[in-house]
Amino acid sequence: MSPATAPVEQLLYRPEEAAKALRIGRSMVYEEIRLGRLQTVRIGRRRLVPPEYIAQYVELLKREAETTA
């Protein structure tokens with residue numbers, strides 16, 4: 001694949017897209033954002049989730065699972 005036709009890596013996810021990536025509901029994503037467990041960035045009035053924040057959230061869930069096991 002040439003660089004001109006290579007797919008562009010998604011750098012920011014809408015909360016709905018983050019929910020789909022995490023396989024949870026949209027309202028759960030907004031709740032986790034509200035609680036400060038899933039971080040976001042703001043661009044104007046929009047909240048967007050960088051992939052590294054999704055990865056950090058997954059690591060948080062894994063740590064929590066280890067402490068309750």
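**Salt bridges, core packing and surface features**

R26 forms a salt bridge with E16, with the closest N and O atoms 3.5 Å apart. R26 belongs to helix 2 and E16 to helix 1, so this pair ties together parts that are ten residues apart in sequence. The structure described here is a predicted model. Both partners are partly exposed in this model: the relative accessibility is 47% for R26 and 32% for E16. The pair is also part of a wider arrangement, since R14, E16, E17 and R26 are linked in a network of salt bridges. Side chains of opposite charge can pair when their charged atoms come close.

The salt bridges number seven in total. Two others can be described within single helices. In helix 2, R34 pairs with E31, and the closest N and O atoms are 2.7 Å apart. These two residues are three places apart, about one turn of the helix. R34 is exposed, at a relative accessible area of 59%, whereas E31 is partly exposed at 32%. In helix 3, the side chains of E59 and K62 meet in a salt bridge with an N to O distance of 3.1 Å. Here too the spacing is three residues, about one turn of the helix. E59 has a relative accessibility of 37% and counts as partly exposed; K62, at 45%, is likewise partly exposed. An α-helix has 3.6 residues a turn, so residues three or four places apart point the same way.

The largest nonpolar core consists of ten residues, namely A18, A19, L22, V29, I33, L38, V49, I54, Y57 and L60. At least two residues of this core come from each of helix 1 (15-22), helix 2 (26-35) and helix 3 (51-68). In soluble globular proteins, nonpolar side chains tend to be buried together. One of the core residues is V49. With neighbours within four places in sequence left aside, V49 is in contact with L12, Y13, A18, L38, Q39, T40 and I54. Among these partners, A18, L38 and I54 are themselves listed in the core.

Helix 2 has three buried residues, V29, E32 and I33. Viewed down the axis of helix 2, the buried residues fall within an arc of 100 degrees, so they line one face of the helix. This buried set packs against helix 1, strand 2 (46-48) and helix 3. The face turned away from the buried side of helix 2 carries the exposed residues S27 and R34. R34 is the residue that forms the salt bridge with E31. After helix 2 comes G36, which has a positive phi, near 85 degrees.

V29 and I33 are members of the largest nonpolar core. The remaining buried position of helix 2 is occupied by a glutamate, E32. The relative accessible area of E32 is 7%, and a residue counts as buried under 20%, so E32 is classed as buried. When residues up to four places away in sequence are not counted, E32 touches R37, L38 and Y57. Of these, L38 and Y57 belong to the nonpolar core.

Two residues in the strands were examined individually. R46 lies in strand 2 and is partly exposed, with a relative accessibility of 47%. Beyond its neighbours within four places in sequence, R46 is in contact with R14 and V41. R14 is also a member of the salt-bridge network that includes E16, E17 and R26. The C-alpha atoms of R46 and P7 are separated by 24 Å, and these residues are 39 places apart along the chain.

I43 is located in strand 1 (residues 41-43). At a relative accessible area of 48%, I43 is partly exposed. I43 forms a nonpolar patch on the surface together with L11 and L12, and the accessible area of the three together is about 280 Å². L12 of this patch is also among the contacts of the core residue V49.

Technical notes:
Residues are numbered from 1 along each chain as its sequence is written. This is a predicted model: local features need pLDDT of at least 70, side-chain atom pairs count only at pLDDT 80 or more; totals for chains, interfaces and linings use all residues. Side-chain values use heavy atoms; hydrogens and water are left out. Patches are made of residues with over 30% relative accessible area and no salt bridge: like charges are joined within 9 Å, nonpolar side chains (Val, Leu, Ile, Met, Phe, Trp, Tyr) within 5 Å. Accessible areas come from the Shrake-Rupley method with a 1.4 Å probe; for residues, only the protein chains shown count as cover. A salt bridge is a side-chain nitrogen of Lys or Arg within 4 Å of a carboxyl oxygen of Asp or Glu. Helices (H or I, at least four residues) and strands (E, at least two) are DSSP runs, numbered from the N terminus. Buried means under 20% relative accessible area, exposed over 50%, partly exposed in between (1.4 Å probe, protein chains only). A nonpolar core is a set of buried Ala, Val, Leu, Ile, Met, Phe, Trp, Tyr and Cys residues joined through side-chain atoms within 4.5 Å. Contact means heavy atoms within 4.5 Å. The arc is that of the directions from the helix axis to the C-beta atoms.
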